[in-house]
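Open the model in your viewer and keep the selection panel at hand. The tour goes from the whole chain to single residues.

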Amino acid sequence: MFHGSGLFALLLMVLEWTRPGLSSPLRPICDLRVLDHFIKEAWDAEAAMRVCKDACNIATNFTVPLTRVDFDVWEAMNLEEQAQEVQSGLHVLNEAISSLQASNQTDVLQSHIDASISNIASIRQVLRSLSIPEYVPPTSGGEDKEMQKVSSISELFQVHINFLRGKVRLLLANAPVCHQGVS
(Lines give C-alpha, C1' and ligand atoms only; values in the text may rest on other atoms or scores of the structure.)
Protein backbone atom coordinates (compact mmCIF):
# COMPACT_ATOMS: atom_id res chain seq x y z
CA MET A 1 0.00 0.00 0.00
CA PHE A 2 2.67 2.54 0.96
CA HIS A 3 4.69 1.86 -2.18
CA GLY A 4 1.69 3.10 -4.19
CA SER A 5 2.02 6.59 -2.70
CA GLY A 6 5.29 7.26 -4.47
CA LEU A 7 3.95 5.72 -7.67
CA PHE A 8 0.86 7.92 -7.45
CA ALA A 9 2.98 11.06 -7.10
CA LEU A 10 5.18 9.97 -10.02
CA LEU A 11 2.12 9.20 -12.13
CA LEU A 12 0.68 12.65 -11.42
CA MET A 13 3.95 14.26 -12.49
CA VAL A 14 4.10 12.27 -15.75
CA LEU A 15 0.45 12.95 -16.53
CA GLU A 16 0.98 16.65 -15.92
CA TRP A 17 3.95 16.66 -18.31
CA THR A 18 1.99 14.90 -21.03
CA ARG A 19 -1.32 16.74 -20.67
CA PRO A 20 -2.38 18.01 -24.10
CA GLY A 21 -2.78 21.71 -24.74
CA LEU A 22 -0.02 22.94 -22.44
CA SER A 23 2.90 24.73 -24.04
CA SER A 24 5.08 23.92 -21.05
CA PRO A 25 4.49 21.49 -18.21
CA LEU A 26 3.38 22.73 -14.82
CA ARG A 27 5.92 22.25 -12.11
CA PRO A 28 4.81 18.95 -10.59
CA ILE A 29 6.34 19.94 -7.26
CA CYS A 30 3.83 22.80 -7.11
CA ASP A 31 0.79 20.65 -7.87
CA LEU A 32 -1.28 20.48 -4.68
CA ARG A 33 -3.05 17.35 -5.95
CA VAL A 34 -0.05 15.39 -4.70
CA LEU A 35 -0.63 16.80 -1.21
CA ASP A 36 -4.36 16.09 -1.58
CA HIS A 37 -3.49 12.42 -2.15
CA PHE A 38 -1.45 12.35 1.07
CA ILE A 39 -4.32 14.04 2.93
CA LYS A 40 -6.75 11.43 1.63
CA GLU A 41 -4.47 8.62 2.81
CA ALA A 42 -4.17 10.27 6.24
CA TRP A 43 -7.96 10.55 6.31
CA ASP A 44 -8.27 6.83 5.49
CA ALA A 45 -5.81 5.97 8.28
CA GLU A 46 -7.72 8.09 10.79
CA ALA A 47 -11.01 6.44 9.77
CA ALA A 48 -9.46 2.98 10.19
CA MET A 49 -8.13 3.92 13.64
CA ARG A 50 -11.51 5.32 14.67
CA VAL A 51 -13.31 2.13 13.59
CA CYS A 52 -10.98 -0.24 15.39
CA LYS A 53 -11.37 1.54 18.79
CA ASP A 54 -10.36 -0.98 21.49
CA ALA A 55 -8.04 -3.04 19.30
CA CYS A 56 -6.07 0.12 18.48
CA ASN A 57 -5.82 1.47 22.02
CA ILE A 58 -2.38 2.29 23.29
CA ALA A 59 -1.93 3.66 26.79
CA THR A 60 0.42 6.48 25.89
CA ASN A 61 0.33 10.14 25.00
CA PHE A 62 1.71 11.38 21.72
CA THR A 63 3.42 14.73 21.26
CA VAL A 64 2.10 16.36 18.11
CA PRO A 65 2.32 19.80 16.51
CA LEU A 66 -0.36 22.40 17.00
CA THR A 67 -2.45 22.66 13.87
CA ARG A 68 -4.17 25.99 14.34
CA VAL A 69 -2.93 28.78 12.12
CA ASP A 70 -3.06 32.44 13.09
CA PHE A 71 -2.92 33.87 9.57
CA ASP A 72 -1.60 37.26 10.72
CA VAL A 73 1.28 35.58 12.53
CA TRP A 74 1.87 33.09 9.68
CA GLU A 75 2.05 35.81 7.03
CA ALA A 76 4.39 37.89 9.20
CA MET A 77 6.83 34.96 9.31
CA ASN A 78 9.51 34.68 6.64
CA LEU A 79 9.80 31.54 4.50
CA GLU A 80 12.57 30.10 6.66
CA GLU A 81 10.46 30.44 9.85
CA GLN A 82 7.42 28.89 8.13
CA ALA A 83 9.58 26.07 6.77
CA GLN A 84 11.08 25.42 10.22
CA GLU A 85 7.60 25.21 11.76
CA VAL A 86 6.37 22.81 9.07
CA GLN A 87 9.52 20.69 9.07
CA SER A 88 9.50 20.55 12.88
CA GLY A 89 5.85 19.48 12.83
CA LEU A 90 6.54 16.79 10.23
CA HIS A 91 9.44 15.56 12.34
CA VAL A 92 7.26 15.29 15.46
CA LEU A 93 4.43 13.60 13.53
CA ASN A 94 6.89 11.14 12.04
CA GLU A 95 8.27 10.33 15.51
CA ALA A 96 4.76 9.79 16.92
CA ILE A 97 3.54 7.65 14.03
CA SER A 98 6.81 5.69 13.93
CA SER A 99 6.36 4.84 17.61
CA LEU A 100 3.26 2.87 16.56
CA GLN A 101 5.35 0.44 14.52
CA ALA A 102 6.44 -1.37 17.67
CA SER A 103 2.84 -2.01 18.71
CA ASN A 104 1.16 -5.19 17.56
CA GLN A 105 -1.42 -3.83 15.13
CA THR A 106 -3.42 -5.66 12.50
CA ASP A 107 -1.97 -5.87 9.00
CA VAL A 108 -4.45 -3.27 7.74
CA LEU A 109 -3.59 -0.81 10.48
CA GLN A 110 0.11 -1.49 10.05
CA SER A 111 -0.23 -0.69 6.34
CA HIS A 112 -1.78 2.70 7.25
CA ILE A 113 1.06 3.38 9.67
CA ASP A 114 3.67 2.43 7.05
CA ALA A 115 1.91 4.52 4.39
CA SER A 116 1.80 7.54 6.70
CA ILE A 117 5.53 7.29 7.41
CA SER A 118 6.24 6.94 3.70
CA ASN A 119 4.00 9.91 2.89
CA ILE A 120 5.79 12.13 5.39
CA ALA A 121 9.09 11.17 3.74
CA SER A 122 7.58 12.02 0.34
CA ILE A 123 6.34 15.39 1.60
CA ARG A 124 9.82 16.12 2.92
CA GLN A 125 11.18 15.27 -0.54
CA VAL A 126 8.70 17.67 -2.17
CA LEU A 127 9.79 20.39 0.27
CA ARG A 128 13.43 19.65 -0.52
CA SER A 129 12.74 19.94 -4.26
CA LEU A 130 11.16 23.36 -3.62
CA SER A 131 14.40 24.47 -1.93
CA ILE A 132 12.57 24.76 1.38
CA PRO A 133 15.05 24.44 4.26
CA GLU A 134 15.18 21.08 6.03
CA TYR A 135 14.41 20.55 9.71
CA VAL A 136 17.09 21.71 12.10
CA PRO A 137 16.52 20.53 15.68
CA PRO A 138 16.62 23.33 18.26
CA THR A 139 19.86 23.64 20.18
CA SER A 140 18.09 24.22 23.50
CA GLY A 141 16.46 21.29 25.28
CA GLY A 142 13.30 23.24 26.13
CA GLU A 143 9.87 22.00 25.09
CA ASP A 144 8.46 23.62 21.98
CA LYS A 145 5.47 25.86 22.54
CA GLU A 146 4.04 24.74 19.20
CA MET A 147 3.35 21.20 20.47
CA GLN A 148 0.47 19.48 22.24
CA LYS A 149 -0.34 16.02 23.58
CA VAL A 150 -3.03 13.65 22.32
CA SER A 151 -4.03 10.39 23.95
CA SER A 152 -5.32 8.18 21.13
CA ILE A 153 -4.19 6.92 17.76
CA SER A 154 -7.31 8.37 16.17
CA GLU A 155 -6.47 11.83 17.58
CA LEU A 156 -2.89 11.44 16.32
CA PHE A 157 -4.12 10.86 12.78
CA GLN A 158 -6.65 13.69 13.06
CA VAL A 159 -3.76 16.03 13.90
CA HIS A 160 -1.83 14.56 10.96
CA ILE A 161 -4.73 15.42 8.62
CA ASN A 162 -5.16 18.93 10.00
CA PHE A 163 -1.43 19.66 9.86
CA LEU A 164 -1.28 18.63 6.20
CA ARG A 165 -4.44 20.59 5.35
CA GLY A 166 -3.20 23.67 7.20
CA LYS A 167 0.45 24.54 7.60
CA VAL A 168 1.87 22.17 4.97
CA ARG A 169 -0.66 23.34 2.36
CA LEU A 170 0.06 27.01 3.16
CA LEU A 171 3.80 26.48 2.82
CA LEU A 172 3.52 24.56 -0.46
CA ALA A 173 0.95 26.93 -1.98
CA ASN A 174 3.15 29.94 -1.31
CA ALA A 175 6.55 28.46 -2.15
CA PRO A 176 8.46 31.12 -4.13
CA VAL A 177 9.67 28.65 -6.78
CA CYS A 178 6.02 27.95 -7.64
CA HIS A 179 5.37 31.59 -8.40
CA GLN A 180 8.43 32.42 -10.50
CA GLY A 181 7.45 33.93 -13.81
CA VAL A 182 3.84 34.40 -12.68
CA SER A 183 2.65 37.98 -12.60
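What pattern does the protein follow when read along the sequence? The pattern is α-α-β-α-α-α-β-α, made up of 6 helices and 2 strands. Keep in mind throughout that this is a predicted model.

**The whole chain**

Select everything and colour by burial. Of the 183 residues of the protein, 42% count as buried. Now show contacts: among those between residues at least 6 apart in sequence, 82% join residues at least 24 apart.

**Helix α2**

Select residues 32–52, which form helix α2. The helix has 21 residues and reaches 30 Å from its first C-alpha to its last, close to the 30 Å expected at 1.5 Å a residue. Show its side chains and pick out the buried ones: Val34, Leu35, His37, Phe38, Ile39, Glu41, Ala42, Ala45, Glu46, Ala48, Met49 and Cys52. As background to the spacing of such a list, an α-helix has 3.6 residues a turn, so residues three or four places apart point the same way.

**Helix α6**

Move to residues 153–173, helix α6. From its first C-alpha to its last, α6 reaches 29 Å, close to the 30 Å expected at 1.5 Å a residue. Centre the view on Phe163, where α6 bends by about 35 degrees. Is α6 enclosed or open? Of its 21 residues, 15 are buried, so α6 is largely enclosed by the rest of the structure.

**Where α5 meets α6**

Keep α6 and add residues 107–129, helix α5. Two packed helices are described by the angle between their axes and the distance between the axes. For α5 and α6, the angle is about 10 degrees and the axes are 13 Å apart. The two helices are therefore roughly parallel to each other, since angles under 35 degrees count as such.

Which residues make the contact? On the α5 side, select Ile113, Ser116, Ile120, Ile123, Val126 and Leu127. On the α6 side, select Phe157, His160, Leu164, Val168, Leu171 and Leu172. Sorted by class, the contact has 10 nonpolar, 2 polar and no charged residues.

**Leu127**

Stay in α5 and select Leu127. Its relative accessible area is 0%, so Leu127 is buried. Draw a line from its C-alpha to that of Val168: the two residues are 41 apart in sequence and 9.4 Å apart in space. Leaving aside residues up to four places away in sequence, Leu127 touches Val86, Gln87, Leu90, Ile132, Leu171 and Leu172.

**Gln87**

One of those neighbours of Leu127 is Gln87, which lies in helix α4, residues 79–98. Is Gln87 buried or exposed? Gln87 counts as buried because its relative accessibility is 3%, and the cut-off for buried is under 20%. With residues up to four places away in sequence again left out, Gln87 touches Arg124, Leu127, Ile132, Pro133, Glu134 and Tyr135.

**Ser129 and Ser131**

Go back to α5 and select Ser129. This residue is partly exposed, with a relative accessible area of 34%. Add Cys30, which is 99 residues from Ser129 along the chain; their C-alpha atoms are separated by 9.8 Å.

The last stop is Ser131, in the loop between α5 and β2 (147–150). Ser131 counts as exposed, at 61% relative accessibility. Check its backbone as well: phi of Ser131 is near 60 degrees, a positive value in a residue other than glycine.

Note on methods:
Residues are numbered from 1 along each chain as its sequence is written. This is a predicted model: local features need pLDDT of at least 70, side-chain atom pairs count only at pLDDT 80 or more; totals for chains, interfaces and linings use all residues. Side-chain values use heavy atoms; hydrogens and water are left out. Axes are lines fitted to C-alpha atoms, for helices over the stretch in contact, and angles run from 0 to 180 degrees between N-to-C directions. Helices (H or I, at least four residues) and strands (E, at least two) are DSSP runs, numbered from the N terminus. Angles under 35 degrees count as roughly parallel, over 145 as roughly antiparallel, 65 to 115 as roughly perpendicular and the rest as oblique. Contact means heavy atoms within 4.5 Å. Ala, Val, Leu, Ile, Met, Phe, Trp, Tyr, Cys and Pro count as nonpolar, Asp, Glu, Lys and Arg as charged, and the others, Gly among them, as polar. The expected span of a helix is 1.5 Å times one less than its number of residues. Buried means under 20% relative accessible area, exposed over 50%, partly exposed in between (1.4 Å probe, protein chains only). The bend at a residue is the angle between axes fitted to the seven residues ending there and the seven starting there.
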